[in-house]
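Please work through the exercises below with the structure open beside you. Each task is followed by a solution that goes step by step.

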Amino acid sequence: MSTYDPQNIFAKILRGEIPCTKVYEDEHTIAFMDIMPQADGHTLIVPKNPSVNLLDADAATFGPLFTTVQKIARAVKSGMDADGVVITQFNEAAAGQTVFHLHVHVIPRWEGVALRKHSGAMADSALLQAHAEKIKAAL
Ligand code: AMP
């Protein structure tokens, strides 16, 4: 199990040290656009409580976290006019985790549209902003 590094990129976003394309924030969570989206509208939900991933998290984190996941999943589905949404969450590098602060992916799906690669290409920031606006309008 890795130890929590407060210099990880999501900790920096939570402290406002680096920017993100935010769609939602409350006392316990923040949601922003994934910079390498697997589909248009791919959004990440990050709890403010620090943990590397699900395995070392305080169980009290999950209630508020999944309340936000549901809220964002509904807004992504309707705001992006998707047919469905996939929720993913990776634990440790061997499982595909690349940022070591717990987070949940909400990825919209449309019939017949394939997912892009995980941690593949960077998206254009204006496009991310446009998708964030659609999701925010649906919140
Ligand atoms: P994983 O740790 O495998 O669940 O994936 C981390 C996700 O964070 C990937 O999908 C990346 O595209 C995404 N990501 C990495 N850096 C940033 C960033 N600065 N802002 C938004 N998303 C990011």
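**Exercises on the ligand site**

In this predicted model, the ligand sits in the largest pocket.

**Exercise 1.** Determine which elements give two or more residues to the shell around the ligand, and how the residues of that shell divide by type.

*Solution.* Begin with the elements: helix 1 (9-14) and strand 2 (29-33) give two or more residues to the shell, and helix 1 gives the most, with three residues. Next, take the shell as a whole, where 18 residues surround the ligand and D34, G96, H103, H105 and H118 are the closest. Finally, sort the shell by residue type, which yields ten nonpolar, seven polar and one charged.

**Exercise 2.** Find the atoms of D34, H118 and T98 that lie within the polar-contact cut-off of 3.5 Å from the ligand, and state how much of the ligand the protein buries.

*Solution.* First consider the side chains: a polar atom of D34 lies 2.5 Å from an oxygen atom of the ligand, and a polar side-chain atom of H118 is 2.6 Å from a ligand oxygen. Then turn to the backbone, where an N or O atom of T98 lies 2.7 Å from an oxygen atom of the ligand. For the area, the ligand taken alone exposes 510 Å², of which the protein buries 94%.

**Exercise 3.** Describe the volume of the largest pocket and its lining.

*Solution.* The volume is about 410 Å³. Among the 25 lining residues, F10, D34, I35, M36 and L44 are the closest to the pocket centre. The lining divides into 14 nonpolar, ten polar and one charged, and helix 1 gives the most to it, with three residues.

Note on methods:
Residues numbered from 1 in each chain as written. Predicted model: local features only at pLDDT ≥ 70, side-chain atom pairs only at ≥ 80, totals over all residues. Heavy atoms only, no water. Near = heavy atom within 4 Å. Polar contact = N/O pair within 3.5 Å; in protein donor to acceptor, adjacent residues only side chain to side chain. Areas by Shrake-Rupley, 256 points an atom, 1.4 Å probe, with all protein chains shown as cover. 1 Å grid on protein atoms, 1.4 Å probe; cavity = no way out; pocket = protein on both sides within 12 Å on 5 of 7 lines; lining within 4 Å. Sits in = over half its atoms within 2 Å of the grid points. Helix = DSSP H or I, 4+ residues; strand = E, 2+ residues; numbered from the N terminus. Nonpolar A, V, L, I, M, F, W, Y, C, P; charged D, E, K, R; others polar. Points joined across faces, edges and corners; volume = space filled by probe spheres on them.
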